[in-house]
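Please open the model in your viewer and keep the selection tool at hand. The stops below follow one another, each with something to select and something to look for.

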Amino acid sequence: MHTPRLSRRHAIQGLGLSMAALGVAGWGVSLAVAAPVILPTTDALSDALTLALRQKQPLVVMVSLQGCAFCKVVRENYLQPLRATGLQVVQVDMRDHRTLADFDGTPLTHDAWVRKQGIKLAPTVLFFGAQGREVATRLKGAYLPDFYGAYLDEQLAVARRVVAGA
């Protein structure tokens, strides 16, 4: 019989839920509620790309949808930690009417840029290099949590090789 292995993240989540339950039961344990993780947006993709390329890194763009639980997981567990290491990561929002300049300077909205890219699923993570060209395979959807990090690492490595070779 195969016993499923408990990942470290699932163990920590279970511990947090247990502690929360103890607090509710009157044990006096209190958990601080963390503020939501927000990735920066940009007014101009070319500016964000320039910053990334100066560091010889790709620009990582997450297409998100407000209220999307899978987007929250990708943002908090995968992209924010990468951003904390200095990687240029920005978010573009589906159905958002804020102005965004495309890589060539063309003004459009976040939503129009998402449609122009042919994206229909959130989250989608894209990797851009010189001239705003995609340099690795897009990650569409959230995949299985146990494998998402590996898929992200693989495509990020491809994108970094392309950018370093340019």
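Helices (H or I, at least four residues) and strands (E, at least two) are taken as DSSP runs, numbered from the N terminus. This is a predicted model, in which local features need pLDDT of at least 70 and side-chain atom pairs count only at pLDDT 80 or more, while totals for chains, interfaces and linings use all residues. Residues are numbered from 1 along each chain as its sequence is written, and side-chain values use heavy atoms, with hydrogens and water left out.

Begin by selecting M62, which lies in strand β1 (residues 59-64). With a relative accessibility of 0%, M62 is buried (under 20% relative accessible area, where exposed is over 50% and partly exposed is in between, with a 1.4 Å probe and protein chains only). Now add V90, 28 residues away along the chain, and you will find its C-alpha atom 6.3 Å from that of M62. Beyond residues up to four places away in sequence, M62 touches (heavy atoms within 4.5 Å) several others, including L39, C71, V92 and P123.

Move next to D93, in strand β2 (residues 89-93), which is buried at a relative accessible area of 12%. Show the side chains of D93 and R98, which make a polar contact at 2.9 Å (a pair of N or O atoms within 3.5 Å; within protein, one must be able to donate a hydrogen and the other to accept it, and residues adjacent in sequence count only if both atoms are side-chain atoms). Leaving aside neighbours within four places in sequence, the contacts of D93 also include T41, S64 and H110.

Finish with Y151 in helix α5 (residues 145-165), which is partly exposed, its relative accessible area being 35%.
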